[in-house]
Amino acid sequence: MTIASGLTVGVAAGYAIDQVHYRGNGDGTNHTYLGGLYGLYRPCGYYVMADVLFGASDNRVKRHIDFGDIKRIARSKPKIYETTFYLEAGKDFCYKSFLVQPFVGVELSYVHRDKISEYGADSLDLMVLEKKLYNVYGSLGVHVTQAVCDGLALSVDLAWQYRFSERTSHLIERFRDFGTPFKIQGISEKRNSLEGAFTISKEMVGGWTLYAEFSGQHWQGISTFNYLAGVEAQW
């Protein structure tokens, strides 16, 4: 809702269920619950936006153990909680039929993963210690939007992201019933990355909109890509 000239605030909630299959011989189901608060200040010529996001993920994971005559399935229920604050400011420029918005942004995030204790594989069950992550990101990028015709709109988002806090990927594990803890080292995220998105949308009758988006992020040694399509209703 708009509460003053140029100032809009809102709330958001979401739920997602994902079926995950790991190449390392495992699978699982993830349930994710999201809630958020956001605001947009939009005077003529520039904008300032901010949002706070709260998330909780309740997962069910099966790790398949298969070597020699040993065939077992270790099960676990990892839980993850996250809070993120994002602030962005940008300036409007018009070029022919394009709206170009260079922007700067900063993101603060906190992630807490509960302790994981496997069951079902007897002596091969693992216990993973809890882990907390505090991260600070800075972004410098541009939004480009064009309304083509007949309700068709295209947008491109590009940004360079810098991590002020170093991200190291490792877990501290031990067998549940014996032994000492040991470290499993993953891929460490570098401080610099590039991210982008391409979105196309089409307004339909009755306030309905069809949209599709391709997005991704790349930094040294790691790339992620996402495809998204859906239907949006406005009233």
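1. In this predicted model, lysine 71 and aspartate 66 are joined through their side chains by a salt bridge, with an N to O distance of 2.8 Å. Lysine 71 is exposed, because its relative accessibility is 60% and the cut-off for that class is over 50%. Aspartate 66, with a relative accessible area of 46%, is partly exposed. Elsewhere, salt bridges with shared partners bring Asp58, Arg60 and Lys79 into one network.

2. The salt bridges number six in total. One of them joins the side chains of aspartate 27 and lysine 62, at 3.8 Å from N to O. Aspartate 27 belongs to strand β3 (residues 26–41) and lysine 62 to strand β4 (residues 46–67), so this pair ties together parts of the chain that lie 35 residues apart in sequence. Aspartate 27 is buried at a relative accessible area of 18%, whereas lysine 62 is partly exposed at 28%. As a general remark, side chains of opposite charge can pair when their charged atoms come close.

3. Glutamate 118 deserves separate attention. The residue sits in the loop between β9 (116–117) and β10 (126–128). Is glutamate 118 buried or exposed? Its relative accessibility is 8%, and glutamate 118 therefore counts as buried, the limit being under 20%.

4. Which residue forms a salt bridge with glutamate 118? The partner is arginine 63, and the closest N and O atoms of the two are 2.7 Å apart. This pair links distant parts of the chain, since glutamate 118 is in the loop between β9 and β10 while arginine 63 is in strand β4, with their positions 55 residues apart. Arginine 63 is partly exposed, with a relative accessible area of 27%. The two side chains are also joined by a polar contact of 2.7 Å.

5. The side chain of glutamate 118 also approaches the backbone: one of its polar atoms lies 2.9 Å from the backbone nitrogen of leucine 126. Setting aside residues up to four places away in sequence, glutamate 118 touches Arg63, Ala74, Arg75, Ser76, Leu124, Asp125, Leu126 and Arg176.

6. The strands on either side of this loop, β9 and β10, take part in an open sheet of four strands. The order is β9-β10-β13-β14, and the pairing is antiparallel. Strands β9 and β14 (182–185) occupy the edges with a single partner strand each, so one side of each has no neighbour in the sheet. Within the sheet, β10 pairs with β13 (residues 170–175) over three bridges in the antiparallel sense. Valine 128 stands opposite glutamate 173, a residue of β13.

7. A nonpolar patch is present on the surface. Its members are Tyr41, Tyr46, Val48, Phe85, Leu87, Val106 and Leu108, and together they have about 520 Å² of accessible area. The elements contributing two or more residues to the patch are β4, β6 (79–91) and β8 (98–113). Leucine 87, one of the patch members, is located in strand β6. At 34% relative accessibility, leucine 87 counts as partly exposed. That value meets the patch requirement of over 30% relative accessible area.

8. Strand β4 recurs in these points. It holds lysine 62, the partner of aspartate 27, as well as arginine 63, the partner of glutamate 118. Strand β4 is also among the elements that give two or more residues to the nonpolar patch.

Note on methods:
Residues numbered from 1 in each chain as written. Predicted model: local features only at pLDDT ≥ 70, side-chain atom pairs only at ≥ 80, totals over all residues. Heavy atoms only, no water. Buried < 20%, exposed > 50% of the residue type's maximum accessible area, 1.4 Å probe, protein only. Polar contact = N/O pair within 3.5 Å; in protein donor to acceptor, adjacent residues only side chain to side chain. Contact = heavy atoms within 4.5 Å. Pairing = 2+ DSSP bridges. Salt bridge = Lys/Arg side-chain N within 4 Å of Asp/Glu carboxyl O. Patch = residues over 30% accessible without salt bridge, like charges linked within 9 Å, V, L, I, M, F, W, Y side chains within 5 Å. Areas by Shrake-Rupley, 256 points an atom, 1.4 Å probe, with all protein chains shown as cover.
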